[in-house]
Structures are given as C-alpha cells and as structure tokens.
Amino acid sequence: GGWALALSYSAIQKARPQQAALASANATFIKPLPEAGMVVDVRALREGRRTNFLRTEFLADDKATQPIFAADMVFSDLRDGELDYTCEFPEVMAPEDSPRIPDSPGPKFLRRYEQRLGLGTPFTKQERPHSAAWVRDTADRPWDKKALLALSDTPMPRTFFLDTTPRFGATVT
C-alpha cells in the first residue's frame, strides 16, 4: 500500500536527492509485495532544468527481471503563486463526533492509523458515493511528505459507498 510509495520516495531521496517539491506520484502494484528481501531500483527518466521524472521499481529478489511494483514521481521547482487557489472545505462531522472505523483485519499498516468517517457511510446506497475521513497517525508521527505518501492507501475504495452489497475494491494504481 502506501508504505511502498513512501519507501519509493525514501529510495529516491537516498539515491538521487531532490531539492524540488514532489509534484506528482503514481504507483502501480503489479504483484503482492513480500515482507522482506526486495531490491529497489531507482532511475531518472528525465532530468530537466525545473522538472525531474524518476521511477522506482521493486524486484522480488536480485535475480528477478520483472518488477512487482513501480512508482513514478515528478519533482518540480514550482514558482511561488503558480498553484495558489482555494477550495471549500467539505461539510463533515467534527472528528470527535465521527464514528471510528474499527481496526481492519486486513493489511497491518492500516492499524497505524485511527480513522473516523466524517462523511459517508460504507455499504449504504448513496446518490453520490462521497466519503471523507479524519485520519490520525496512532504514533503521532508528523505529517511530512513521506508520511502523506504512506497514508495515501488508507481510504476505503469508492465501491464501498455504492450500495449495501460488499464489492471487491482494489488499489492497483
């Protein structure tokens, strides 16, 4: 999940430190990731004056030729004001009034976060499948770039908010 994206970011910063801001990250989960023993390859796809495109690939071991995970990250030296805009905060319940999502029997990394639903109810019919969650790191880790990338795989799949029928929902990319 998000931990793989966070590991990709760390690998890039170790192999090819980036001073520019992380502007975009896209991950593709090709096969299940092992708990240990992966090889992480970092390479530049293009390095420009203001924008760099980097890719990480995880290999199951040092003899593997096909990646089991890939992440593309774009780092850009954005000028102040280029992306200044505001959007309205959604109408959601306050964190203390929001129901806590029970700990998941699924992936272990989800237990690192306390999640409370501020908008939407899973497995109910909704005219528009909207949801919003309050998320807190249970270890009170600061929300830096790496932590935000790790957090990116915590939201429930949109299919959970379509109707009362549990449906498969995967975060392949």
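In this predicted model, strands β3 and β4 pair in the antiparallel sense over 8 bridges. Across this pairing, Leu54 stands opposite Met73 in β4. Strand β3 also pairs with β2, again in the antiparallel sense and over 8 bridges. Here Leu54 is the bridge partner of Ala44. The connection from β2 to β3 is a hairpin of 3 residues.

These strands belong to a protein chain whose secondary structure comes to 2 helices and 6 strands. Along the sequence the elements follow the pattern α-β-β-β-β-β-β-α. The C-alpha atoms fill a box of roughly 45 × 45 × 30 Å, taken along the principal axes. The chain has 173 residues, and buried residues make up 27% of them. Its accessible surface comes to about 11600 Å², and 53% of that surface belongs to carbon and sulfur atoms. Among contacts between residues at least 6 apart in sequence, 62% join residues at least 24 apart.

**The nonpolar core**

In soluble globular proteins, nonpolar side chains tend to be buried together. In this model the largest nonpolar core holds 21 residues, and Leu5, Ile12, Phe69, Met73, Phe75 and Leu149 touch the most other members. Four elements each supply at least two residues of this core: α1 (2-15), β3 (51-59), β4 (69-76) and α2 (145-151). Helix α1 gives the most, with 6 residues.

Met73, which faces Leu54 across the strand pairing, shows how such a residue is surrounded. Leaving aside residues up to four places away in sequence, Met73 touches Leu5, Ser8, Tyr9, Ile12, Leu22, Ser24, Ala25, Asn52, Phe53, Leu54 and Leu149. Of these neighbours, Leu5, Ile12 and Leu149 are themselves among the core residues that touch the most other members.

**A nonpolar patch on the surface**

Some nonpolar side chains lie on the surface. Trp3, Leu7 and Val40 form a nonpolar patch there, with about 210 Å² of accessible area together. Leu7 is found in helix α1, the helix that gives the most residues to the core. Why is Leu7 classed as partly exposed? Leu7 has a relative accessible area of 32%, and the partly exposed class runs between the limits of 20% and 50%.

**Salt bridges**

The count comes to 9 salt bridges. Three of them are set out below, with the distance between nitrogen and oxygen.

| Residue pair | N to O distance |
|---|---|
| Arg43 and Asp41 | 3.7 Å |
| Arg43 and Glu57 | 3.6 Å |
| Lys63 and Asp62 | 3.8 Å |

Arg43 takes part in a salt bridge with Asp41 and in another with Glu57. Arg43 lies in strand β2 (residues 39-47) and Glu57 in strand β3, so this pair ties together parts that are 14 residues apart in sequence. The strands concerned are also the two joined by the hairpin.

How far are the residues around Arg43 covered? Arg43 counts as partly exposed, at 32% relative accessibility. Asp41 is also partly exposed, with a relative accessible area of 31%. Glu57, at 16% relative accessibility, counts as buried, because the limit for that class is under 20%.

In the salt bridge between Lys63 and Asp62, both residues are exposed. Elsewhere, salt bridges that share partners join Glu114, Arg116, Arg136 and Asp140 into one network.

**Val39 in strand β2**

Val39 is found in strand β2. At 29% relative accessibility, Val39 counts as partly exposed. Which residues does Val39 touch, not counting those up to four places away in sequence? The contacts are with Glu57, Phe58, Leu59, Asp61 and Asp62. Two of these residues also take part in the salt bridges described above: Glu57 with Arg43, and Asp62 with Lys63.

The position of Val39 can also be set against a residue far along the chain. Val39 and Thr165 are 126 residues apart along the chain, and their C-alpha atoms are separated by 39 Å.

Terms used. Residues are numbered from 1 along each chain as its sequence is written. This is a predicted model: local features need pLDDT of at least 70, side-chain atom pairs count only at pLDDT 80 or more; totals for chains, interfaces and linings use all residues. Side-chain values use heavy atoms; hydrogens and water are left out. A nonpolar core is a set of buried Ala, Val, Leu, Ile, Met, Phe, Trp, Tyr and Cys residues joined through side-chain atoms within 4.5 Å. Buried means under 20% relative accessible area, exposed over 50%, partly exposed in between (1.4 Å probe, protein chains only). Contact means heavy atoms within 4.5 Å. Patches are made of residues with over 30% relative accessible area and no salt bridge: like charges are joined within 9 Å, nonpolar side chains (Val, Leu, Ile, Met, Phe, Trp, Tyr) within 5 Å. Accessible areas come from the Shrake-Rupley method with a 1.4 Å probe; for residues, only the protein chains shown count as cover. A salt bridge is a side-chain nitrogen of Lys or Arg within 4 Å of a carboxyl oxygen of Asp or Glu. Two strands pair if DSSP finds at least two bridges between them.
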